[in-house]
Amino acid sequence: MASQIQDRLATDQDLLLMQEGTMIRKVRSKNWKKLRYFRLQNDGMTVWHARQAGGIAKPTFSISDVETLRKGHDSELLRCLMEEFPLEQGFTVVFHGRRPNLDLVANSVEEAQVWMRGLQLLVDLVTSMDHQERLDQWVNDWFHRGDRNEDGRMNFQEAQRLLHLMNVEMNEDYILNLFQAADVSQSDTLEAEEFVNFYKALTKRTEVEELFENFSSDGQKLTLLEFVDFLREEQKERDHAPDLALEFIDRYEPSESGKLRHVLSMDGFLSYLCSKDGDIFNPACLPIYQDMTQPLNHYFINSSHNTYLLGDQLCGQSSVEGYIRALKRGCRCVEVDVWDGPGGEPIVYHGHTLTSRILFKDVTATLAQYAFQTSDYPLILSLENHCSWEQQETVARHLTEILGEQLLSTTLDGLFNQLPSPELLRGKILVKGKKLRIFEDIVDEEEEEQLEPDPYCESETQPQLQHETQELTPRNRKKKKVVMCPLSCLPICGHVIAQPPSSIPESLLLSKQNSTLILCPALSALVVYLRTVSFQSFTHSRENYHIYDISSFSETKARNLIKEAGNEFVQHNAWQLCRVYPSGLRTDSSNFNPQELWNAGCQIVALNMQTAGFAMDICDGLFRQNGGCGYVLKPEFLRDTMSFFNPEKPISPFKAQTLLVQVISGQQLPKVDNTKETSIVDPLVRVELFGVPEDTRQQETNYVANNGFNPHWGQALCFHVQVPELVMLRFVVKDYNRKTRNDFLGQYTLPWTCMKQGYRHIHLLSKDGTSLHPASIFVYICIREDLEVDES
């Protein structure tokens, strides 16, 4: 594949023009727009820029960091500048993770198309690479980085410097011998292909060779039977081992003769161990493999808090990009805080703060475009409504007109005693919000219409208020009981009355800042299955609420309920949805540990997705399974309304288990700072378990001094686990530092239920959850059921 890139660089007209370089306007904001000279480097994998042609250039981005490209029309920022620059000349480079987009405006439509076509071609080539091709390309990238004078050759001093940058600290004589052996041309320099061979000699995996020789009778190959034994005994593939052995030999053995003889060479064995089939994450859990026909409340749902924010809760930027990123991560519940905006157009922002504003109609258009690109299972729109009657009607109109058939506006036939399933709701957007409650019974004409107290009124930020009852004149033969919140609650929760302001007696209205806050029937009607209600007690919920009602809890309230009445909370979540959101004190958009809430069966645990850290690692890890569709079926004991399970005092229906993790070695670990040549990391591995309180533990290895290239630990860590069905494992690699907290290098998180046993590679991810290829750690995993103790 690397050769494909080089071939395209020599022949593709777009790539040839990109290598010559182009002056392009870089846009950061409405006021920051500067011309820069962009040029695709000769490696075909990096784009550099300078202030002008011939100026001092510096790296801008790597092709492997690019997720996708967007036209100017799809850029929130470029659309704001459409009067200044034609949108056809603009395009956006979108990166993996949380890295900000790069908005660019070319000097002509033709130049913009050259760069878009060329970049897309390179992105497609990189995406289609297998493990070995990506590794070769990675080494090739380093070669070009070390080749300062760009003469296509590297002397020993340059190679030594580059190895320091690559985290290699080895004996100089040993490196020199390998260098000379790779210098086939005997020119005292290494060309690109020779450098790749030099690197392969440095990365010789002695621990894998030893494992290979333990199962090989001649030390040269694994016969079919020997490979079957390895897969059955060590990899715990059991009955599938014979079929898998044939499949893996055909897939990973590089020699055609080996494939024909059904044998696996050392290179093929290593290729298998480094592949997705040798990964710690069970490949069977990657596609959608769970039952998707159960009620919505039986699933954990990937959920976002204040989705519109890209930063903190006080001054952060609001952007539709927040919704795009969340949806691309598989998020299936997004939050929209909607307020009155100028010109009659509702706006979205974090109310009463300095966060920027965006139009609600732009948010809705973004949802229409991106809602089902990653997952076609239902998307929940958690609507926090703070609008006046008139702008609520505008909100309802935008939802109806922009979302169209995507919007669920009526109940599904035949469902009366349970929520619909994700399967039945595929391709639908559900509005979660407050709803007017109207019961109609045909009665005698003389009976009056009454407005009764609303036990369903909910406010996340205010205490429960006393209800009042008011009366309106009857208008027809039907008795309508309109359940509503008290008038004193109007400024807080923004709803009560089903008539427009002009038809309501003045004495019944309460204004705040010249705006009467009431609930518009058109918006109320769009809330079908997810009516928000206030939580008073579990008993009150059972006696007064329905399966389609949903309560929200702050993280503090939810934690207290788990401690005080954990089993009742589990039973509550077995029949009704609940949402948990971060504390209002988290103004920095930090996150809580979602595992504590999942333990009680809470489905919609909303996190600040813009903030990296262990909480988002756990969230990403849980929802990496089941096709990344955003829905994960809860364990059976969390779906039973009569469940005895209590997360504070757990009794699992399955036996407790013991986990043995042998941390063997690491490969090509990243540096904390790649710009420091002399800095070499001192890596250690920490294994963290998150589950019920007594299963939440961590252990770590010793550190290996001055070796981030191929460190070897060979340490065993042991964990006793009571409720494995709820456990998440997080493998974290740190750079030991005795003076400060150990620096983060990489991590990987996955559910216990998706973990493969045996000799496995763990391919590390960055803080943003993006690949750190080829960085990995090599481990051995063994799970045993704990023996029951006979107390007789």
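Me: A strand here is a DSSP run of E with at least two residues, numbered from the N terminus. With that in hand, where is the place of Pro 774?
Reply: This is a predicted model, and in it Pro 774 sits in strand β36, which covers residues 771-785. A run of that kind passes the minimum of two residues, so the name strand applies.

Me: What kind of peptide bond joins His 773 and Pro 774?
Reply: That bond is cis, with an omega of about 10°.

Me: What is noteworthy about phi of Asp 188?
Reply: Phi of Asp 188 is near 60°, which is a positive value in a residue other than glycine. Asp 188 belongs to the loop between α7 (172-182) and β9 (189-190).

Me: Let's turn to the sheet. Why do β4 and β5 stand at the edges?
Reply: Follow the order of the 7 strands in this open sheet: β4-β3-β2-β1-β7-β6-β5, paired antiparallel. β4 (58-62) and β5 (66-71) each have a single partner strand, so one side of each has no neighbour in the sheet. On average, neighbouring strands here are turned by 35° against each other, direction ignored.

Me: How do you know that β3 pairs with β4?
Reply: Pairing takes at least two bridges, and 4 bridges join β3 (residues 46-50) to β4, so the two count as a pair. They run antiparallel, and His 49 stands opposite Lys 58 in β4.

Me: Which helices lie across strands of this sheet?
Reply: Helix α2 (residues 13-20) lies across β1 (22-27) and β2 (33-40), at about 120° to β2. Helix α4 (residues 109-127) lies across β1, β2, β3, β4, β5 and β6 (90-95), at about 155° to β5.

Me: Why is α15 called roughly parallel to α16?
Reply: The axes of α15 (residues 360-370) and α16 (residues 389-403) come within 10 Å and cross at roughly 25°. An angle under 35 degrees counts as roughly parallel, so α15 is roughly parallel to α16. The contact uses Phe 360, Lys 361, Thr 364, Ala 365 and Ala 368 of α15, together with Val 395, His 398, Leu 399, Ile 402 and Leu 403 of α16. These divide into 7 nonpolar, 2 polar and 1 charged. The crossing is right-handed.

Me: And what makes α5 oblique to α6?
Reply: Helix α5 (residues 131-146) packs against helix α6 (residues 156-165) at about 125°, with their axes 10 Å apart. That angle is outside 65 to 115 and is not over 145, so the pair falls among the rest, which count as oblique. This crossing is right-handed too.

Me: Which residues make the contact of α5 and α6?
Reply: Trp 142, Phe 143, Arg 145 and Gly 146 come from α5, and Glu 158, Arg 161, Leu 162 and Leu 165 from α6. They divide into 4 nonpolar, 1 polar and 3 charged. Gly counts as polar, so Gly 146 goes into the polar group.

Me: Last one: why is the pair of Phe 230 and Phe 269 called edge-to-face?
Reply: The whole structure holds 29 aromatic pairs. For Phe 230 and Phe 269, the ring centres are 5.2 Å apart and the planes stand at 70°. Centres must lie within 6.5 Å and planes over 60 degrees apart count as edge-to-face, so both tests are met.

Me: Which parts does the pair tie together?
Reply: Phe 230 lies in helix α10 (residues 224-233) and Phe 269 in helix α13 (residues 266-274), so the pair links parts 39 residues apart in sequence.

Definitions and conventions. Residues numbered from 1 in each chain as written. Predicted model: local features only at pLDDT ≥ 70, side-chain atom pairs only at ≥ 80, totals over all residues. Heavy atoms only, no water. Axes fitted to C-alpha atoms, helices over the stretch in contact; angles between N-to-C directions. Contact = heavy atoms within 4.5 Å. Left-handed = near helix turned anticlockwise from the far one by under 90°. Phe/Tyr/Trp six-rings, centres within 6.5 Å; stacked < 30°, edge-to-face > 60°.
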